[in-house]
Amino acid sequence: MARVLNQTTYKSLLDSLYKLPFRNRVQILLKLFPELSADTLKCIVAQECQKRMKTSHGRLTTPETVEAMYKKFTNSILMNEEQGILLRLSDEIGLTPALLARSIIERHYQRDDKSKPAKLLVSTLMKNTALIDDRDLAFETYLCLLEDDEYGPIAEATKQSRGYEYEIHLRMELENSKVSFLHEDHLRMKGYDKTPDIKLEIPVAIDGQVINWIESKALFGDEEVHRGYLKDQLYSYWNRFGPGLVIYWFGYVEDLEKIHQNRIILIRDTLPKNMVLMEQHL
């Protein structure tokens with residue numbers, strides 16, 4: 001399965017994605033782009049959804065809009081509409097299911113002065129819908145959390161688990177390759193603040209380039225994502241430790257390395273098998 005996308009394929013994929021509703025998009029895209037894996041498509045869909053929500057969330061959750069959504073929801077309950085009311089409303093307005101459910105909960109629990117309830121209360125109710133005092137809202141929220149791959153406690157737990165899974169996978173591959181390294185927990189104990197996932201105790205060479213550290217990203221690397229990591233993490237690793245490698249396990253857009261401004265940070269979608277241990281040449 002292809003995981004390194006050229007610009008033409010990536011643009012075509014995004015054009016198709018933006019025309020689809022929020023739910024079941026991956027299944028449709030798999031038919032349109034059979035050369036891509038489901039995991040890569042899920043990652044791209046999730047990241048593009050988050051970008052879209054950053055720009056449209058404020059507009060879709062104004063007090064007036066939320067009030068209208070809440071009235072529509074309560075009226076649907078009174079009319080005994082089929083379960084999945086909030087999911088259908090999510091498709092209609094373009095807000096992800098979990099974000100919509102959160103807005104409805106905030107409205108349901110708003111204070112007498114019409115201010116929002118405490119964030120801790122809302123987060124607690126999102127994590128345990130059984131605590132919601134309205135049976136219908138509790139079940140509708142539960143359905144939304146199950147259907148949302150991008151937002152909500154289930155989605156967040158999945159992302160964290162996946163990130164940790166690939167960090168452990170990377171450590172195991174390095175151990176099997178007899179590569180000596182320190183992981184980020186070791187580095188923090190030594191007093192480092194910003195730390196890569198892996199600091200090689202003895203450098204390795206990949207395709208003729210010596211690297212000193214490795215960063216694991218259980219993501220798809222597009223230009224916006226990569227520029228963000230360069231600014232927040234990767235350049236600081238380069239400044240401290242020299243050249244390194246970032247692995248986007250779910251693929252990336254080709255030619256990302258061109259934006260590094262002569263700072264050598266290799267990009268791959270797996271740990272290369274052709275690593276040369278520098279101690280073998282000492």
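Two residues count as being in contact when they have heavy atoms within 4.5 Å of each other.

**Figure 1. Overall view of the predicted model**. Among contacts in the protein between residues at least 6 apart in sequence, 62% join residues that are at least 24 apart. The protein contains eleven helices and eight strands, and its C-alpha trace spans about 75 × 45 × 30 Å along the principal axes. Of the 282 residues in the protein, 48% are buried, while the exposed surface of the protein comes to about 15,300 Å², with carbon and sulfur atoms supplying 52% of it.

**Figure 2. Close-up of Ile259 in the loop between strand E6 (252-253) and strand E7 (265-268)**. Ile259 has a relative accessible area of 15% and is classed as buried because this value lies under the 20% cut-off. Leaving aside residues up to four places away in sequence, Ile259 touches Glu223, His226, Arg227, Leu230 and Tyr235. Glu150, by contrast, is 109 residues from Ile259 along the chain, and the C-alpha atoms of these two residues are separated by 28 Å.

**Figure 3. Close-up of the second largest pocket, which holds about 340 Å³ of space**. This pocket is lined by 14 residues, of which Thr61, Pro63, Val66, Glu106 and Lys116 are the closest to its centre. Helix H4 (63-78) and helix H6 (97-108) are the elements that give two or more residues to the lining, and H6 provides the largest share, five residues. By residue class, the lining of the second largest pocket divides into three nonpolar, five polar and six charged residues.

Note on methods. Residues numbered from 1 in each chain as written. Predicted model: local features only at pLDDT ≥ 70, side-chain atom pairs only at ≥ 80, totals over all residues. Heavy atoms only, no water. Helix = DSSP H or I, 4+ residues; strand = E, 2+ residues; numbered from the N terminus. Buried < 20%, exposed > 50% of the residue type's maximum accessible area, 1.4 Å probe, protein only. 1 Å grid on protein atoms, 1.4 Å probe; cavity = no way out; pocket = protein on both sides within 12 Å on 5 of 7 lines; lining within 4 Å. Points joined across faces, edges and corners; volume = space filled by probe spheres on them. Nonpolar A, V, L, I, M, F, W, Y, C, P; charged D, E, K, R; others polar. Areas by Shrake-Rupley, 256 points an atom, 1.4 Å probe, with all protein chains shown as cover.
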